[in-house]
Amino acid sequence: MSERKYLIDNRVIFDSDRMLLIHADKTVSISESETNLLLAFYKGLFKKDDLIHWVWGRKGVVVSDASYYKLINQLRNTFDKIGLPPSSVVTRPKVGVELVLSIKLIKPAASPQTLPEPLEHSAETFDETPTPDEHNKPSIAYRREWLFLALAALLMIAGFVANLWDSNSYFSAPVTHYGYYFYKVKKDKTSVEDVIAAYSELTMPVIKQNGRHIYYIRVPDTHIFVQCLNPLTVAEPKCITLKERY
């Protein structure tokens, strides 16, 4: 059987046959469950039930939620050992888990005596390739660039808000807290201290690389935080939405 190797974040080799992660002169052994979880991420799976089925269910093994969460933490610890950021394994509340790093198959060089076959008949096709009933799963490209593609509509909203900022100071002046800049709607009676407190209670992970500008908008029963790489006053702000319902 030919070796199946993948490249994570364009720098760490994932050898699925030997269950190894390799980076420079460091090699870390991983468990069968971690191997299957990484293959599930390669397939574009991210929902909790789909991940549990792929890692354990195909073998007829029934596991508890505790085993699922233990595996997620185990993979994060392994990433830390090999030099990948543990925060790249992101938990989506009530949805599942997503790997926000690229993971792609390393194709072996073609033999000089043999012409490479067309891609649709490649010898590298194997059972980890998504099956027809998984066509509705998010593609690898979508998973890799979710930050900008999934929130295109937000940019339009941000542009509108930017206009409000220019015309009538829609947001209050920023307040710095732990390296972030916090803004709130100027007409909202909520204090900045309450905004920071609500932000601190978010259950979803907030990654600083996604931006240091945090905008707070309150609607009934919901706290909406918009995290931006740059202020909304620029022509094309890049932002993501963090929403918490109470």
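How many aromatic pairs does the structure hold? The structure holds ten of them, and I should say at once that what we are looking at is a predicted model, so please hear everything that follows as computed from that model.

Let me take one of these pairs in some detail. A pair of aromatic rings is described by the distance of the centres and the angle of the planes. For Y199 and F225 the centres are 5.9 Å apart and the planes stand at 65 degrees to each other, and the pair is classed as edge-to-face. The pair links distant parts of the chain, with Y199 in helix α7, residues 192–200, and F225 in strand β11, residues 222–228, the two residues being 26 positions apart. Both Y199 and F225 are buried. They also belong to a wider arrangement, in which ring pairs join Y180, F182, Y199, Y216 and F225 into a cluster.

Staying with aromatic rings, I would like to turn to W54, whose face has charged side chains lying over it. K43 lies over the face of W54 at 4.6 Å from the ring centre, and R58 likewise lies over the face of W54, in this case at 3.5 Å from the ring centre.

Next, the packing of helices. Two packed helices are described by the angle between their axes and the distance between the axes. Helix α2, residues 48–55, packs with helix α3, residues 65–82, at an angle of about 85 degrees, and the two axes are 11 Å apart; because angles of 65 to 115 degrees count as roughly perpendicular, α2 is described as roughly perpendicular to α3. On the α2 side the contact involves K48, L51, I52 and V55, and on the α3 side these meet D65, Y68, Y69 and L71. By character, the residues of this contact of α2 with α3 divide into six nonpolar and two charged, with no polar ones.

Helix α3 also contains I82, which counts as buried at 2% relative accessibility. What does I82 touch, leaving aside its neighbours within four places in sequence? Its contacts are with V12, L21, I22, H23, K26 and V28. For V28, the C-alpha atoms of the two residues are 6.6 Å apart in space, although I82 and V28 are 54 residues apart in sequence.

Now to the loops, and to a point of backbone geometry. M19 sits in the loop between β2, residues 12–15, and β3, residues 20–23, and its phi is near 55 degrees, which is a positive value in a residue other than glycine. M19 is partly exposed, with a relative accessible area of 29%. K94, in the loop between β5, residues 89–92, and β6, residues 96–99, has a phi near 65 degrees, again positive in a residue other than glycine. Is K94 buried or exposed? K94 is exposed, with a relative accessible area of 92%. The C-alpha atoms of K94 and K47 are separated by 8.9 Å, the two residues being 47 residues apart along the chain.

Finally, let me set these details within the whole protein. The protein has seven helices and twelve strands, and of its 246 residues 40% are buried. Among contacts with a separation of 6 or more, 47% come from residues 24 or more positions apart; the I82 and V28 pair, 54 residues apart in sequence, gives one picture of distance along the chain set beside distance in space.

Key: Residues numbered from 1 in each chain as written. Predicted model: local features only at pLDDT ≥ 70, side-chain atom pairs only at ≥ 80, totals over all residues. Heavy atoms only, no water. Phe/Tyr/Trp six-rings, centres within 6.5 Å; stacked < 30°, edge-to-face > 60°. Helix = DSSP H or I, 4+ residues; strand = E, 2+ residues; numbered from the N terminus. Buried < 20%, exposed > 50% of the residue type's maximum accessible area, 1.4 Å probe, protein only. Lys NZ or Arg CZ within 6 Å of the ring centre and 35° of its normal. Axes fitted to C-alpha atoms, helices over the stretch in contact; angles between N-to-C directions. Parallel < 35°, antiparallel > 145°, perpendicular 65-115°, else oblique. Contact = heavy atoms within 4.5 Å. Nonpolar A, V, L, I, M, F, W, Y, C, P; charged D, E, K, R; others polar.
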